[in-house]
Amino acid sequence: MPAFTTVIPDDPRGHSLTLVRVPPGKPVVGIVVSDNLIGCATHFWGGRTIPHEEQLCFPCSEGSPWRWHAWLAAFSTRNNEMFLFESTKRVAMIFAAYRETHGTLRGCVFKAQRATDARNSRVRLELKPGDLRSINLPEEPNLVKCMSMIWNIKLPDLAVECVIDGIPAVRTISTPDNDKPLPNQTNLKFHDESRSETA
Ligand SMILES: [Zn+2]
């Protein structure tokens with residue numbers, strides 16, 4: 001007789017977190033998992049965003065300008081997955097103002113979308129506190145480790161769980177309550193008026 005369970009076993013390879021930027025024509029909706037965001041100066045170099053480094057920065061020596069970017073971990077109720085959300089400095093300042101008011105970004109429900117269909121048009125950000133009683137948010141991952149893994153930067157205490165085709169997977173801390181019911185998605189849907197059904 002097979003041992004049936006209702007609990008799906010953890011993937012031994014760990015989770016990999018996708019880096020999400022706001023695409024044109026489609027909003028990004030999520031609940032912030034991180035208490036705060038992290039950011040650093042970056043270069044767009046060789047077709048990708050890489051960190052600017054204080055010493056011996058090759059893109060700097062080639063005259064490439066840098067831009068500051070920020071990242072936070074967020075949870076999608078569409079696919080029940082955690083992802084890393086990338087913000088420009090302007091959008092990060094909106095998150096920072098929210099944190100100033102509410103004390104933390106964790107639990108903040110956000111909807112980010114571009115003003116027009118142009119790839120680099122201004123991102124509009126709507127924020128509101130989520131109802132944390134109905135959400136079982138995952139534990140927040142270490143953002144420095146997440147970004148270091150994406151950029152393949154070695155940190156002394158960085159435990160890379162596995163490497164798939166040269167790309168290290170980001171291992172997130174699994175919640176001890178894996179068998180808890182998933183968040184009630186109907187509570188977290190955005191409406192045009194930006195109200196939640198529970199508000
Ligand atoms: Zn640089």
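Which strands are included in what covers the buried residues of α2?

1. The model is predicted: local features need pLDDT of at least 70, side-chain atom pairs count only at pLDDT 80 or more, and totals for chains, interfaces and linings use all residues. Residues are numbered from 1 along each chain as its sequence is written.

2. Helix α2 spans residues 89–102 (helices are DSSP runs of H or I of at least four residues, strands runs of E of at least two, numbered from the N terminus). Its 14 residues reach 20 Å from first C-alpha to last, close to the 20 Å expected (1.5 Å times one less than the number of residues). G103 follows α2 and has a positive phi, near 85°.

3. V91, A92 and F95 are the buried residues to note in α2 (buried: 20 or more other C-beta atoms within 10 Å of the residue's own; exposed: 12 or fewer; C-beta atoms are placed from the backbone). They lie on the same side of α2 because they cover an arc of only 100° around the axis, taken from the directions from the helix axis to the C-beta atoms. The face turned away from the buried side carries exposed K89, R90, A97, E100 and T101.

4. The cover over the buried residues of α2 includes β3 (38–45), β5 (67–76), β6 (81–88), β7 (108–114) and β8 (123–129).

5. The largest nonpolar core has 30 residues, and V32, W71, L72 and A74 have the most contacts inside it (a set of buried Ala, Val, Leu, Ile, Met, Phe, Trp, Tyr and Cys residues joined through C-beta atoms within 7 Å). β5 gives the most to this core, with 6 residues.

6. Leaving aside neighbours within four places in sequence, W71 is in contact with L37, I38, G39, L84, F85, E86, L143 and M147 (contact: C-beta atoms, placed from the backbone, within 7 Å).

Key:
Two residues are in contact if their C-beta atoms, placed from the backbone, lie within 7 Å.
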